[in-house]
Amino acid sequence: LAAAINHAESSARLDPGSATAILGLGRSYDARADYAPARALFSREGEREPAAMESSFYAARSFMPAGDRSSALCWLRRSQAAHPVSFESGSHLLLVNGCLEDFAAAGYWSAWLDRRVTNQPQALALQARHHYLTGNFESAVQTSNIALRLELLGDWHADTIFMRIKRDEALAAGLPQSGISLFAQRHPDLFLPNPVISPGNIMQAVDLAYLYRLAGQGSRARDLASRAIEAYGETRFVSGSSRAWLIPSRAEALAVLGDHDAALQELERIVDAGWRIHWRWETDLNPNFDALREEPRFRQLVDALESDMATQRMQAGLYAESL
């Protein structure tokens, strides 16, 4: 990453008028979790080229790791206004409104995507997640099935959502082994004698570990969850806005291992640090935390997240009214 930043800085110095160089440098800073200088570059480029959507989109994403959904939403609205047919902006507007639990606005963007999306994995995944959050589990499963049949590959974020929904379908049917079989098809790397955990499969690894536990394969569950925790500790494993959705994976792995106090401590740490992305999906609606569901500390965390999102939802609404 250091070499990439050095190269990006050299490019920006050589061609300070290049949007590609400036945005590339901003994204490099973002990947290092240096969000303030990244945002300054995105903002500067946005002022220079107001009609370009990329600067506003990247600025919006830079607010995700710190949990500032209302600011992210403001920048996403600018991005979408600059490019009204962008799947990326539309998908993230669905994501952020879903996190804010503004389901009226989320429903608007879900319908907007429904009229346009065919095989875009991230858009389909966020659609599936919206259906799940709003109690339409059957539609969530159907959307996931479509994506899996199309074999849409290469989007880590999307795959974690599809596989979580399919895992929960197996759990609802009382058939953890059928879920394990699907993971074996989609993620054979997790079934190697020495599975390697990466940012692209850590969430799937933890969800698979939970299936192993329910299927009575405790040794496999412990091994996979332990490997996930070890990988999480690698430098910059969850650094940058593009990996913000991975942040709760360590807490989930600890819960699957049965180390409930450590899982709660980790949840408290990440919530205090600003983690909010997919917060309801990853807490109240996540079977990985079933054993903690009634713990007072867990309920307090969920209540705090709910209160914060209500405040941010109000702030986002006030901003929209002022436009």
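The legends below describe an overall view and several close-up views of one predicted model.

Residues are numbered from 1 along each chain as its sequence is written, and side-chain values use heavy atoms, with hydrogens and water left out. Because the model is predicted, local features need pLDDT of at least 70 and side-chain atom pairs count only at pLDDT 80 or more, while totals for chains, interfaces and linings use all residues.

**View 1. The whole chain is built with 17 helices and zero strands.** Helices (H or I, at least four residues) and strands (E, at least two) are DSSP runs, numbered from the N terminus. The radius of gyration of the chain is 20 Å, close to the 20 Å that the globule rule gives for 323 residues, so the chain is as compact as a globular protein of that length; the radius is taken over C-alpha atoms, and the rule is 2.2 Å times the number of residues to the power 0.38. Along the principal axes, the C-alpha atoms fill a box of roughly 60 × 45 × 40 Å. Of the 323 residues, 52% count as buried, where buried means under 20% relative accessible area, exposed means over 50%, and partly exposed lies in between (1.4 Å probe, protein chains only). Contact means heavy atoms within 4.5 Å, and among contacts between residues at least 6 apart in sequence, 63% join residues at least 24 apart.

**View 2. The largest nonpolar core has 95 residues.** Such a core is a set of buried Ala, Val, Leu, Ile, Met, Phe, Trp, Tyr and Cys residues joined through side-chain atoms within 4.5 Å. The residues with the most contacts inside this core are Val96, Ile165, Ile202, Leu267 and Trp275, and helix H12 (residues 202-214) gives the most to the core, with nine residues. When its neighbours within four places in sequence are left aside, Val96 is in contact with Met64, Arg69, Ala72, Leu73 and Leu76.

**View 3. Helix H4 (residues 54-62) is largely enclosed by the rest of the structure.** This description is used because eight of the nine residues of H4 are buried. The buried residues are Ser55, Ser56, Phe57, Tyr58, Ala59, Ala60, Arg61 and Ser62. They pack against H2, H3, helix H5 (69-82) and helix H6 (87-99).

**View 4. Gly26 in helix H2 is in contact with Ala38, Leu41 and Phe42, leaving aside neighbours within four places in sequence.** Gly26 has a relative accessible area of 0% and is therefore buried. Its C-alpha atom is separated by 9.9 Å from that of Ser43, although these two residues are 17 residues apart along the chain. The view can also take in Arg48, whose place is in helix H3 and which counts as partly exposed at 41% relative accessibility. Arg48 and Ala19 are 29 residues apart in sequence, and their C-alpha atoms are 9.1 Å apart in space.

**View 5. Two residues, Ala33 and Arg236, are shown for their backbone angle phi.** Most residues other than glycine have a negative phi. Ala33, however, has a positive phi of about 70° although it is not a glycine, and its place is in the loop between helix H2 (19-31) and helix H3 (35-48). With a relative accessible area of 34%, Ala33 is partly exposed. Arg236, which is not a glycine either, has a positive phi of about 60° and lies in the loop between helix H13 (218-232) and helix H14 (249-257). Arg236 also counts as partly exposed, at 40% relative accessibility.

**View 6. His157, found in helix H10 (residues 156-172), is buried.** The relative accessible area of His157 is 8%. Not counting residues up to four places away in sequence, His157 touches Leu95, Gln122, Trp245 and His278. Leu95 can also be located from Gly107, since the C-alpha atoms of Gly107 and Leu95, twelve residues apart along the chain, are separated by 11 Å. Gly107 is found in helix H7 (residues 103-114) and is partly exposed, with a relative accessible area of 26%.
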